[in-house]
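Colleague: Could you walk me through a few local features here?
Modeller: Gladly, with the structure in view.

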Amino acid sequence: METISIINAADHVDEQVKIGVWLSNKRSSGKIAFLQLRDGTATFQGVALKNELGEPAFTQLSDLAQETSLWVTGTIHADARSPFGYELAISQFEVVGTSHDYPITPKDHGIDFLLDHRHLWLRSSRPNAIMRIRNEVIRAVYEFFNDRGFIKIDAPILTGSAPEGTTELFKTDYFGQDAYLSQSSQLYGEAAAMAFGKIFTFGPTFRAEKSKTRRHLTEFWQLEPEMAWMHQDESLEVQEQLVAYLVQAVIDHCPHELAVLDRDVATLQKYTKLPFPRISYDDAITLLQANGFDVDWGVDFGSPEETFLAEHFDQPVFVLNYPKAIKAFYMQAHPTRGDVVIAADLLAPEGYGEIIGGSERSTDYAYLKERLLASGQDLQDYEWYLDLRKYGSVPHSGFGMGLERFLAWITLQDHVRETIPFPRMLHRIYP
């Protein structure tokens, strides 16, 4: 008799198998018990008959509490009525670990309660489905970039300077010196792109923002590609291809998880159709004003504006060429206008806002030095970065995509924190 995982049930129809499981739910009619069993790979139903198990064993099985762990032995049967397609006819079992008063019962719980018990909530169907989709997106990210000749680079998490200001950085003591948790790998990525051509970084990012919006986290994972010999229009093509690729990967490999989350696949399929629409910041302002928004040229868009623009196109939409005053120092100046930079944000529909921000990077040493001084930065902290413009600089572009924001959109979650796998002690910053 083979020990298997539930996910491989299709390969063992009409065979007797043994599976290590947890009991997630049950119901009994007195002569037959229906058990919802999970093993970490999938969930399916186990069926136990009183006249086959015998009354003592049947009573013991029927009395087991939620989240009891056990070995079950039985025969796999195909079942068209089951969402999973298979079930187990249980012939015997062995309790491994008992469970008492499991706090997350099959009823509605408030989000604060679930967050306080996230170490257990992860076992429930919805967060479990989100984590499986997260895993698929990560797998597909590596596949996408590896297939296109990118090199994965790991940038430092602890940095000795605060490249975009200290107000949004976590400060720590590094053996008597100030150090900060990184809020971006971009500048390191640019250095790596000058060595390898096309690179990507993918790792934890930290923002010391006490934001009360649903869109922000103090800790998240960020994908940041940097590409030498590439202008912004080419970078936009990479960005939309990436989004379409990741969405299609989830559709192809996570159908059960999408069903658990009630995510409409037909809606997701729309987001794989390329190219995505593009609109300039200037035209976006005109469109917003024509539809009753009180916005002036030069302001950054908030959630209502981003939501309207994406819903207007019913697709992810690129907003191009933002005002220089509201964008970072390293963005390439527009060739014919001094008031905008060559940058773009990709806005997701369904109210999720910006999922990618990117730009062409400036190659002008004097311009970058001027911008750094104007923003109050210490040039000594950027000597290495300015060196990249002294020794064979080339046109290059890059972008950043927050994994949790992307997942919140794909899985249609109310809050990005629901896509974080484990507890954060300060999660109540985000009500």
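Modeller: What follows covers one helix pair and a few backbone details. This is a predicted model, in which local features need pLDDT of at least 70 and side-chain atom pairs count only at pLDDT 80 or more, while totals for chains, interfaces and linings use all residues. Residues are numbered from 1 along each chain as its sequence is written, and side-chain values use heavy atoms, with hydrogens and water left out.

Colleague: At what angle do the axes of H7 and H14 cross?
Modeller: The axes of helix H7 (residues 232–253) and helix H14 (residues 403–411) cross at roughly 50° and come within 12 Å. That makes the pair oblique, the class left over once angles under 35 degrees (roughly parallel), over 145 (roughly antiparallel) and 65 to 115 (roughly perpendicular) are set aside.

Colleague: And which residues in H7 and H14 meet?
Modeller: From H7, Val 243, Leu 246, Val 247 and Val 250 meet Phe 406, Trp 409 and Ile 410 of H14, where contact means heavy atoms within 4.5 Å. The residues of this contact divide into seven nonpolar, no polar and no charged.

Colleague: Switching to the backbone, which residues does a cis peptide bond join?
Modeller: Leu 274 and Pro 275 are joined by it, with omega about 0°, and Pro 275 is found in the loop between helix H9 (265–270) and strand E13 (278–280).

Colleague: What about phi at Asp 14?
Modeller: Asp 14 has a positive phi of about 65° although it is not a glycine, and it lies in the loop between strand E1 (2–3) and strand E2 (16–28).

Colleague: Is Asp 14 buried or exposed?
Modeller: Asp 14 is exposed, at a relative accessible area of 58%, given that buried means under 20%, exposed over 50% and partly exposed in between, with a 1.4 Å probe and protein chains only.

Note on methods. Axes fitted to C-alpha atoms, helices over the stretch in contact; angles between N-to-C directions. Helix = DSSP H or I, 4+ residues; strand = E, 2+ residues; numbered from the N terminus. Nonpolar A, V, L, I, M, F, W, Y, C, P; charged D, E, K, R; others polar.
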